[in-house]
Amino acid sequence: MATSPCRNCGALVSRSDHFCQECGVTMPYRRRTKMTYGYEYKSKATLFGLPLVHISFKYRANRTPVVANGVIAIGQFGFGVITIAQFGVGIVTIGQATLATFTIAQATLAAYAICQVGIVFQGYGQRLLKLDTFL
């Protein structure tokens with residue numbers, strides 16, 4: 001079988017090994033890269049130290065997502081004043097699962113919401129629990 005050195009520790013590993021027996025790194029025969037994939041845009045303009053617009057549908061090489069973090073945040077995961085994300089946190093959000101003040105979402109914890117399922121102060125939806133029932 002063909003062998004090559006592990007990219008992390010240098011031990012000889014088979015090309016069919018899924019991890020190094022010495023250090024445990026996955027796919028030890030592959031060259032080390034700082035490869036990321038997906039799309040990301042950050043505006044140069046900032047407000048309170050955050051980019052004015054951050055759009056991120058990007059993943060790192062270890063498959064962790066890059067969170068959109070800006071005044072206007074758009075992505076799979078987002079944190080911002082105005083957030084459009086599958087999973088978002090913000091003042092005004094549109095998403096699948098959100099934590100927000102004002103939101104349109106499938107599932108949410110919010111002050112004011114239009115949602116399918118949520119815990120809200122005020123809102124419209126199929127299954128809502130009002131925050132005042134907990135107080």
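The protein chain contains 0 helices and 7 strands. The model described here is predicted. Along the sequence, the elements of the protein chain follow the pattern β-β-β-β-β-β-β.

The overall dimensions were examined next. For the protein chain, the radius of gyration is 22 Å, whereas a compact globule of 135 residues would have a value near 14 Å. Taken along the principal axes, the box filled by the C-alpha atoms of the protein chain is roughly 65 × 35 × 20 Å. Of the contacts in the protein chain between residues at least 6 apart in sequence, 4% join residues at least 24 apart.

With regard to the surface, about 9000 Å² of the protein chain is exposed, and 62% of this area is supplied by carbon and sulfur atoms. Buried residues account for 29% of the 135 residues. The protein chain carries 13 positive and 4 negative charges, and the mean positions of these two sets lie 9 Å apart.

In soluble globular proteins, nonpolar side chains tend to be buried together. In the present model, the largest nonpolar core consists of 5 residues, namely Cys 6, Ala 11, Val 13, Cys 20 and Val 25. One member of this core, Val 25, was considered in terms of its contacts. When residues up to four places away in sequence are not counted, Val 25 touches Cys 6, Arg 7, Asn 8, His 18, Phe 19 and Cys 20. Cys 6 and Cys 20, both touched by Val 25, are also members of the largest nonpolar core.

Another position considered is Ala 111, which is placed in strand 7, spanning residues 68-130. With neighbours within four places in sequence left aside, Ala 111 is in contact with Ala 100 and Thr 101, and also with Val 120, Phe 121 and Gln 122. Lys 130 is 19 residues from Ala 111 along the chain, and the C-alpha atoms of Ala 111 and Lys 130 are separated by 9.3 Å.

A further local feature concerns the backbone at Phe 48. This residue belongs to the loop between strand 4 (46-47) and strand 5 (50-51). Phe 48 is not a glycine, yet its phi is positive, at about 60°. The relative accessible area of Phe 48 is 80%; since exposed residues are those over 50%, Phe 48 is classed as exposed.

Notes. Residues are numbered from 1 along each chain as its sequence is written. This is a predicted model: local features need pLDDT of at least 70, side-chain atom pairs count only at pLDDT 80 or more; totals for chains, interfaces and linings use all residues. Side-chain values use heavy atoms; hydrogens and water are left out. Helices (H or I, at least four residues) and strands (E, at least two) are DSSP runs, numbered from the N terminus. The radius of gyration is taken over C-alpha atoms; the globule rule is 2.2 Å times the number of residues to the power 0.38. Buried means under 20% relative accessible area, exposed over 50%, partly exposed in between (1.4 Å probe, protein chains only). Contact means heavy atoms within 4.5 Å. Accessible areas come from the Shrake-Rupley method with a 1.4 Å probe; for residues, only the protein chains shown count as cover. Lys and Arg count as positive and Asp and Glu as negative; His and the chain ends are not counted. The place of a charge is taken as NZ of Lys, CZ of Arg, CG of Asp or CD of Glu. A nonpolar core is a set of buried Ala, Val, Leu, Ile, Met, Phe, Trp, Tyr and Cys residues joined through side-chain atoms within 4.5 Å.
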